[in-house]
Number of protein chains: 2
Amino acid sequence: MMLKLFDLAGRDPMLRFSPYCWRVKMALAHKAQEPATIAWRFHEKSALPGAPENQKVPVLVDSGTVIADSTAIAFHLEQRYANGPSLFGGPGGEAHAHFILAWADSILIPAMAPIVAPNVLPHLHPDDQDYFRTSREHRFGTTLEQLGETSAERLPAFRALLAPMRITLGKQAFLGGDEPSYADYGVFGCFQWARCVGTPDLLAPGDTLRVWLDEMLDLFGGLARDAVVANAA
Amino acid sequence: MMLKLFDLAGRDPMLRFSPYCWRVKMALAHKAQEPATIAWRFHEKSALPGAPENQKVPVLVDSGTVIADSTAIAFHLEQRYANGPSLFGGPGGEAHAHFILAWADSILIPAMAPIVAPNVLPHLHPDDQDYFRTSREHRFGTTLEQLGETSAERLPAFRALLAPMRITLGKQAFLGGDEPSYADYGVFGCFQWARCVGTPDLLAPGDTLRVWLDEMLDLFGGLARDAVVANAA
């Protein structure tokens, strides 16, 4: 096997929930590549290729070359597997994708994290739980339990942030146009993160984004739909 | 002259402040086209080509073909002047640009409008002022004067929304990559709208976005920098 992906796992080694790792798994499938995925936990920093510089996943090993960071991996795949379907649709697509990924990272994930994080904790490997609680409670300035109690209040503001997605997907099937692009995987990874740890539905019942989300779950023979999903805490 | 652009004007017919018209003026310059621009006011609906279907500007007349809506005009220019520099950088660039434009329309403009609208009013043609006040006060649920008094309070939230811009422009000179694309014009038009009506600086003194904004003002021989700017109200 030429491709190895270090993929964040929970207590159950088959529970793979990292939004950034999902971006890469979708991008690999887009390029018709089937990596060996290796379950990795937050406390296994020294087991990562390229450690200690590399401290987190995803890390891809492609025929001996080590690439860290989901965006860097996507650009690597686009170049290395240039004969496969494009992840970006040309130079303009690459440039504009940076904005969509930046939006996902700086707006979507920070709005989603206080809702999702309380669901992550119980599914982590026991040796990851202290690290996760301490780092997240420091970031959010409150306990994960308090966040969990107030997550319903956060939903309206979260849903309002998705307006640019709804407008775009009212005009075309995917952010990438007629076919999904890495921009779709960038956003979808966030929703799959929530789904894998058993977060209750983030979208309102009639939200038009459900059509896109269903399409994303169906891609590549249901790669994301068939993923192991934890029960709600 | 083969290209005519109907362009929103103030009391001073040379004051041209519409964000959507600025998108089109930048796109025309990108394609090295010099349109005749025709000052148009909100009350001159019947003077628009394609009225009564067309009710607002920009409207472009290109050798007898009438195109309304800034995005439709941009795609028209990309196709009609295909030999000029691309506005989108290929199919992926076009698809992803829809998201950036949707973000500008659904997030940026609604956050900027309560700050900018009070500055627009005094510079409008007298026959436009009642329409503008009534429609905007209905939209915002308060008077333009009250909005004006609270605009400083809105700046921190507005500036926080620009995070995806800062991240992207930390990696590349323009949203379009090494060169500006229509996505840059889509966002820049909003800043130029504020600037033309004399809105005090929206960016904090050290904001890294100032570099991009200066570059945008300098494009095409200073087309936007040299525009007529109203004095602050």
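This dialogue treats a helix pair and a sheet in chain B of a predicted model.

User: What conventions and which confidence limits apply to this model?

Analyst: In this predicted model, local features need pLDDT of at least 70 and side-chain atom pairs count only at pLDDT 80 or more, while totals for chains, interfaces and linings use all residues. Residues are numbered from 1 along each chain as its sequence is written, and chains are lettered from A and ligands numbered from 1 in the order in which they are written.

User: At what angle do the axes of H3 and H6 of chain B cross?

Analyst: Axes are lines fitted to C-alpha atoms, for helices over the stretch in contact, with angles from 0 to 180 degrees between N-to-C directions. Helices (H or I, at least four residues) and strands (E, at least two) are DSSP runs, numbered from the N terminus. The axes of H3 (residues 91–120) and H6 (residues 151–161) of chain B come within 10 Å and cross at roughly 160°. H3(B) is therefore roughly antiparallel to H6(B) (angles over 145 degrees).

User: In what order do the four strands of the sheet lie?

Analyst: Strands of a sheet pair through backbone hydrogen bonds, either parallel or antiparallel. Pairing requires at least two bridges found by DSSP. In chain B, the open sheet has the order E2-E1-E3-E4, with mixed pairing. Its edge strands, E2 (36–40) and E4 (65–68) of chain B, each pair on one side only.

User: How many bridges join E3 of chain B to E4(B)?

Analyst: Four bridges join E3 (residues 59–62) of chain B to E4(B), and the two run antiparallel. B:Val61 stands opposite B:Val66 in E4(B).

Definitions and conventions
Angles under 35 degrees count as roughly parallel, over 145 as roughly antiparallel, 65 to 115 as roughly perpendicular and the rest as oblique.
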